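Student: I am new to this structure and would like to understand how its descriptions are justified. Could we go through it together, setting each value beside the rule it depends on?

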Amino acid sequence: PGPELRFDGDVTIDKFASIDNTLKQDFVNFQRLELRKLSYAMGPDSASIDQVLVHKPFARFVISPDRVINISAVLDPEGTRAALVARRAEAAAEAALTPAQRRERDRAREAAQNQAEKEREARGPIAEPALAPLPEETTPVRVRQLRIDGGTLDFADNFVQPNFAARIVQLSGTMTGLSSDPASHAQLDFNGRLDEFSPVTISGEVQPFSFERYTDIDLRFENISLPIFNPYSGQLAGYSIAKGKLTTDLHYQIENRDLDAKHHIVIDQLEWGEATAAKGEATLPVKFATVLLRDKDGVIDLDIPVTGTLDDPSFRIGPIVWQVIKNLIVKAVTAPFSLLGALFSGAEEAQHVEFSPGSAVLDPATVEHLGALAKSMVDKPGLKVDVPVGSLPEIDGPALLDLAYESALAAATDEALPPPRKEGATRPPFDELSAKNQIAVLEALVRKLTGAEPVVPEPAQPPEGTSRDDAKAMQQAATVGFLQKEARSHVSVDASEYERLAKERATAVEQALLEGSGLDSSRVFTVRDGKVLAKDGKVQLELELK
């Protein structure tokens with residue numbers, strides 16, 4: 001009875017090196033591997049190790065121009081060869097498509113993705129799926145601690161043009177409590193650097209032999225220089241990256257194949273460079289979006305949660321995160337006022353400014369909204385606003401005619417009537433003047449407008465039985481009505497009045513933006529080609545952010 005074979009002791013392998021026969025480069029190396037207190041038994045099988053120490057391990061991860069991963073090519077050459085043949089056939093079919101067919105294919109893919117998202121949302125929370133039992137382990141394995149010291153991961157993507165390369169160096173840390181027991185959790189604590197200057201930390205818990213049952217890990221990448229990603233930025237954004245730093249905090253939690261992922265992305269001082277020749281999927285106005293999303297310190301701070309189930313074959317984190325970012329950019333660019341309204345309530349209402357016909361006066365609510373917009377812009381230094389200079393003759397014309405008539409009537413009143421006898425007294429409004437004085441004023445106004453004496457038609461005879469006073473009042477009222485109509489018919493509005501009104505409106509908006517907000521005047525522009533629309537009997541100026 002008992003094991004057919006048993007071994008208890010230590011195992012050490014020094015200076016292991018392997019070569020990728022295709023690339024003729026180092027594949028997986030390590031300076032020293034120690035298995036301390038290894039206990040192995042066969043029949044029944046079991047294995048336990050107190051400590052595994054790996055000193056200065058090295059691994060090279062390469063994506064070829066044909067999108068072949070070197071590790072797959074080494075470990076599964078037949079499967080990789082079949083995948084490569086299929087991929088080349090796919091590329092040939094892609095090259096044979098006409099632009100119209102390619103657009104139709106892309107629309108179909110996007111529709112399918114949108115439908116999959118809608119179905120996921122419609123399903124709501126997914127009940128815990130029944131997990132297939134883990135296959136019976138040939139050899140139960142337990143490792144108290146795995147320690148890595150001074151590791152290096154060399155990554156290269158030769159599929160993108162230009163090629164991308166990065167190295168994680170000084171990778172060190174421990175994993176404790178490794179076990180093939182599905183109920184066990186191993187603790188992770190690793191740290192390293194991306195290209196010397198960017199710290200990387202990985203910590204948390206995982207079931208390493210069945211990660212889909214339980215994973216709870218945090219990954220933090222700090223101070224990554226963004227220009228390193230230029231091979232990808234050209235494809236996705238259409239521009240090279242001139243400057244910027246990236247820090248990410250990622251948290252992935254999986255329980256029984258249900259994933260809850262959180263991505264906290266902080267981009268500091270992002271500046272775009274020249275447009276790239278190869279634009280790939282680049283269709284987004286990323287420069288304007290960057291200005292909108294940056295705060296006053298030049299930082300873009302994004303939180304992107306992703307939830308789903310690993311049982312869904314269409315569920316992939318990378319495309320979902322990218323789609324969320326694209327949606328955020330599109331929303332920011334197409335509805336920038338709404339984005340600013342999230343910072344200062346009321347800013348979202350400032351996009352459209354309405355004026356009553358012939359008026360350049362802003363109502364108090366609009367002044368408040370413009371102030372909120374200006375305050376939200378203070379925190380986004382690269383953002384500017386265009387204010388249209390505009391009036392509409394079809395809306396403003398009648399009101400300006402009324403103003404012109406009232407102005408001419410006031411001047412004629414001063415000319416036709418003596419000043420008030422009492423010093424400091426004001427003359428009553430025209431409607432409160434006596435009929436005699438009203439006629440005198442209107443006759444003076446008609447003479448001034450036409451250059452001739454007004455010819456008042458004979459009044460109609462009053463009804464029989466009308467008293468003399470009433471008849472006189474009726475005659476004077478008819479004369480006043482005729483003279484008013486005659487005067488109005490000769491009042492006109494010069495084009496300069498429309499220009500004056502347009503400028504006064506733009507100035508009113510500009511003042512509302514600048515007064516007390518802290519917004520610099522150099523960021524507010526009045527423009528002649530802005531949108532000026534008629535809406536509900538008013539003139540609407542549409543502000544534009546740039």
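Tutor: In this predicted model, the buried residues of H8 pack against helix H7 (336-341), strand S14 (352-355), strand S15 (385-388), helix H12 (495-514) and strand S19 (544-545). The buried residues of H8 are Thr-366, Leu-370, Gly-371, Ala-372, Leu-373, Ala-374, Ser-376 and Met-377.

Student: How do you know that the span of helix H8 agrees with what is expected?

Tutor: Helix H8 covers residues 364-378, and at 1.5 Å a residue its 15 residues should span 21 Å; because its end C-alpha atoms are 21 Å apart, the two values agree. For helix H6 (residues 317-334), the 18 residues should span 26 Å and the end C-alpha atoms are 25 Å apart, which agrees as well. In H6, the buried residues are Ile-320, Val-321, Ile-325, Ile-329 and Ala-332.

Student: What lies at the start of H8?

Tutor: There a side-chain oxygen of Asp-363 comes to within 3.1 Å of the backbone nitrogen of Ala-365, and the cut-off for a polar contact is 3.5 Å.

Student: Which residues of the largest nonpolar core touch the most other members?

Tutor: That core has 83 residues, and those touching the most other members are Leu-370, Leu-373, Val-509, Leu-513 and Leu-543. Setting aside residues up to four places away in sequence, Val-509 touches Val-353, Phe-355, Leu-362, Leu-370, Val-387 and Leu-543. Apart from this core lies another, of 15 residues, including Tyr-405, Leu-442, Val-446 and Val-480.

Student: What makes S16 and S19 edge strands?

Tutor: The open sheet has 3 strands in the order S16-S15-S19, with mixed pairing, and strand S16 (524-527) and S19 are its edge strands, as each pairs on one side only.

Student: How many bridges join S15 and S16, and in which sense do they pair?

Tutor: S15 and S16 pair in the parallel sense over 4 bridges, whereas a pair of strands needs at least two bridges to count. Within S16, Thr-526 is the bridge partner of Val-387.

Student: Why does Thr-215 count as buried or exposed?

Tutor: Thr-215 has 7% relative accessibility, and because the limit for buried is under 20%, Thr-215 counts as buried. Thr-215 is found in strand S10 (residues 214-225), and a polar atom of its side chain lies 2.7 Å from the backbone oxygen of Phe-211. Leaving aside neighbours within four places in sequence, Thr-215 is in contact with Glu-205, Val-206, Tyr-252, Gln-253 and Ile-254.

Definitions and conventions: Residues are numbered from 1 along each chain as its sequence is written. This is a predicted model: local features need pLDDT of at least 70, side-chain atom pairs count only at pLDDT 80 or more; totals for chains, interfaces and linings use all residues. Side-chain values use heavy atoms; hydrogens and water are left out. A nonpolar core is a set of buried Ala, Val, Leu, Ile, Met, Phe, Trp, Tyr and Cys residues joined through side-chain atoms within 4.5 Å. Buried means under 20% relative accessible area, exposed over 50%, partly exposed in between (1.4 Å probe, protein chains only). Contact means heavy atoms within 4.5 Å. Helices (H or I, at least four residues) and strands (E, at least two) are DSSP runs, numbered from the N terminus. A polar contact is a pair of N or O atoms within 3.5 Å; within protein, one must be able to donate a hydrogen and the other to accept it, and residues adjacent in sequence count only if both atoms are side-chain atoms. The expected span of a helix is 1.5 Å times one less than its number of residues.
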